[in-house]
Amino acid sequence: MTLLADIVTVLAGLAGAGFFTAGTLGLLRFPDLRSRLHALAKADSLGLGFVSLAVLVQADSAGTAAKVVLVWLLALAAAATSAYLLAGEERP
Amino acid sequence: MIELSVASLTLWTGALLTGLALVRLLTVEDLIARLIALNLTGGGTLLILVGLAARTEPVDPVPQALALTGIVITVAFTGVGLILVRAVDDDERPSRSADGRAHGHDEEANA
Amino acid sequence: MSPETTVGPLQLSLALALIVTAAATLYSRHRLTGVVLFLVFGVFLSIYWGVIGAPDVALAEAVIGTGVTGALFGYTATVMPRPAHDRRGSIARTIAGLAGGAGIGAGLGYFLTRAAAAPPGGSGEPVGLTGQATAAVPATGVEHPITGVLLNLRSYDTLMEMVVLLSAATVAVAFAPRSDAGSSTRGGAPASEQRGPAAPPIVRGFVSLVAPVVLLFAAWLLFAGSTQPGGAFQAGAALAAVMILVQTSGVGRLRIGPAMICLLLLGVLAFIAVGLGGLVLGDAWLLLRGEHAGTVTIALECILAVTIGASLAAVFLASAGRRR
């Protein structure tokens, strides 16, 4: 069981790191504000989800697991709202 | 890896940070950048404080409590600085009153 | 969270990230870039505190240093972008500044590590106050040593810190935007404009989702400070964060009025009352001992958290509320 949990942690962690790298690459290379926001809000949120999954399977109690999920959901909400607000600022 | 203790690393990082931020604090003209530099100087000083605390094995709680106090005081004086910077900027900005003259020239020359 | 005494790649890379981010923040071209990099620096610093083994300071840096200071700077940098007539920094100036700062920092670091490596007592004595603090903490009524030190063993420092916050709040009250004078100074903007634009529905939804969570988190931090990392300062800053969130999103409208001024004064007054209570009950000034020490400490922490929140929110309102 712990071997399976460790495998999931490593794979999810690698996937999360990959998504974060993709998001940062998009931030640096995309031409304008809104495409950069796509990269940040989507890729980084998914990367955070994978990293949370990696931590989740190592959690020792249901309470800790619930807190990790809560952190991810709050980060999602914050990323979405700030992306919306930033996109609204750009003069078309 | 290098044989370095956590306390020494923290002390070196804090010292470098304090040095960098202090030099910038004394040389930059923009007020907001000056406030940020002041904040970073404070952060470096707190790193030095906790670095001294990290010399013992359960990290010494007394310098940690002082660092906590330091963070709150840092935000207090940063807030006051920002209030004053806003007020200075409001006074320097030429007022768009009915007579149309710019009132801010004297203050701008002294900035 | 137990620190390791030798430095591994995690601590080294964090320290390097701190220095690089700080240099980028200090020598950035635009105000907003510097502010955002400052936020990134705050996140790195908070993680570094956590990895070092100072979790209370990590929490405080995350909530206060990154949250409240970030909101203050962010708001100011957004409404005050750098004016065009400022002289652009040259490359030579940047390099000179970095070199000079690194030189001073290296000298300071050398002297500090030399001084820190030689403990003043005999070679067998542990350096620092850990022994005395850990021995005295059970008498304070709380289990967490940082809270015990802050509110009991070194309570005079905390009292003076509340006085510093009160001074900052006094400046905030002095510069508080007057709802009637705001319309007369800047070309007749009607008083109803003070309300700001109505919040878009996504922001209102976000605030109604997040504000109760942060309030609950603040209350939890307050009471968790007795046994785990937490305490009045982090809780107060989380309260201030909620107030700033409500104010900037336009969901609510806070004013620096008589109610807030009462909250600002409450902290120092409560602390002085506790000190005088010690004096009256036969002990010394500000000495908190005995079986009620824990209860008094927690009650005092509640009042302090409310005052800290009100002070930081008042400072934000004063810096953010002036008309353009």
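**Entry 1. Transmembrane annotation, chain B**

I started with the UniProt record for chain B. Its unreviewed entry places the feature "transmembrane region" at residues 6-23, 35-54 and 66-88. The model I am checking this against is predicted.

I looked up two of these stretches in the coordinates. Over residues 35-54 of chain B, I read 95% helix and 0% strand. The end C-alpha atoms of that stretch are 28 Å apart. Over residues 66-88 of chain B, I read 100% helix and 0% strand. There the end C-alpha atoms are 32 Å apart.

**Entry 2. Chain B as a whole**

I counted elements next. Chain B has 4 helices and 0 strands. In sequence order I get α-α-α-α. Of its 111 residues, 58% count as buried. I then took the contacts in chain B between residues at least 6 apart in sequence, and 49% of them join residues at least 24 apart.

**Entry 3. How far to trust chain B**

Which helix of chain B has the lowest confidence, and which the highest? I find the lowest in helix α4 (residues 105-110) of chain B, at a mean of 42. The highest is in α2(B), at 91. For chain B overall, the mean pLDDT is 80. I note that 81% of its residues reach 70 or more.

The weak stretch covers residues 96-111 of chain B, where pLDDT stays under 50. The model has 12 contacts beyond four places in sequence for those residues. Where pLDDT is low, the predicted coordinates should not be read in detail. I leave that stretch there.

**Entry 4. Where chain B meets chain C**

I looked up the contact between these two chains. It takes 67 residues from chain B and 75 residues from chain C. On the chain B side, α1 (6-27), α2 (31-53) and α3 (61-92) each supply at least two residues. Which of them gives the most? It is α3(B), with 24 residues.

I also sorted the chain B side by residue class. I get 43 nonpolar, 15 polar and 9 charged.

**Entry 5. Chain C, overview**

Chain C has 12 helices and 0 strands. Of its 324 residues, 41% count as buried. Again I took contacts between residues at least 6 apart in sequence; in chain C, 73% join residues at least 24 apart.

I went back to UniProt for this chain. An unreviewed entry lists residues 17-81 of chain C for "domain: MrpA C-terminal/MbhD". In the model, that range is 88% helix and 0% strand. Its end C-alpha atoms lie 27 Å apart.

**Entry 6. Helix α7 of chain C**

I picked helix α7 (residues 155-174) of chain C for a length check. At 1.5 Å a residue, its 20 residues should span 28 Å. The end C-alpha atoms are 28 Å apart, so the span agrees.

Which residues of α7(C) are buried? I list Ser155(C), Thr158(C), Glu161(C), Met162(C), Leu165(C), Ala168(C), Ala169(C), Val171(C) and Ala172(C).

I then asked what covers these buried residues. The cover includes α3 of chain B. It also includes α6 (145-153), α11 (258-280) and α12 (293-320) of chain C. That α3(B) is also the helix giving the most to the side of chain B that touches chain C.

**Entry 7. Chain A and its contact with chain C**

I moved to chain A. It has 3 helices and 0 strands. The pattern along the sequence is α-α-α. Is chain A spread out or compact? Its radius of gyration is 15 Å, well over the 12 Å that the globule rule gives for 92 residues, so chain A is more spread out than a compact globule. Along its principal axes the C-alpha trace spans about 55 × 25 × 10 Å.

Of the 92 residues of chain A, 15% count as buried. For contacts in chain A with a separation of 6 or more, residues 24 or more positions apart account for 63%.

I checked how chain A meets chain C. I find 6 residues of chain C in contact with 5 residues of chain A. The chain C side divides into 6 nonpolar, no polar and no charged.

**Entry 8. One residue, Val71(A)**

Last, I looked at Val71(A). It lies in helix α3 (residues 62-89) of chain A. Is it exposed, partly exposed or buried? I count 13 other C-beta atoms within 10 Å, so Val71(A) is partly exposed. I also took its separation from Leu48(A), 23 residues away along the chain. Their C-alpha atoms are separated by 9.7 Å.

Key
Residues are numbered from 1 along each chain as its sequence is written. Chains are lettered from A and ligands numbered from 1 in the order in which they are written. This is a predicted model: local features need pLDDT of at least 70, side-chain atom pairs count only at pLDDT 80 or more; totals for chains, interfaces and linings use all residues. The radius of gyration is taken over C-alpha atoms; the globule rule is 2.2 Å times the number of residues to the power 0.38. A residue is buried if 20 or more other C-beta atoms lie within 10 Å of its own, exposed if 12 or fewer, and partly exposed in between; C-beta atoms are placed from the backbone. Two residues are in contact if their C-beta atoms, placed from the backbone, lie within 7 Å. UniProt positions are given in the numbering used here, feature names are shortened, and annotations may be inferred rather than shown by experiment. Ala, Val, Leu, Ile, Met, Phe, Trp, Tyr, Cys and Pro count as nonpolar, Asp, Glu, Lys and Arg as charged, and the others, Gly among them, as polar. pLDDT is the predictor's confidence in each residue, from 0 to 100. The expected span of a helix is 1.5 Å times one less than its number of residues.
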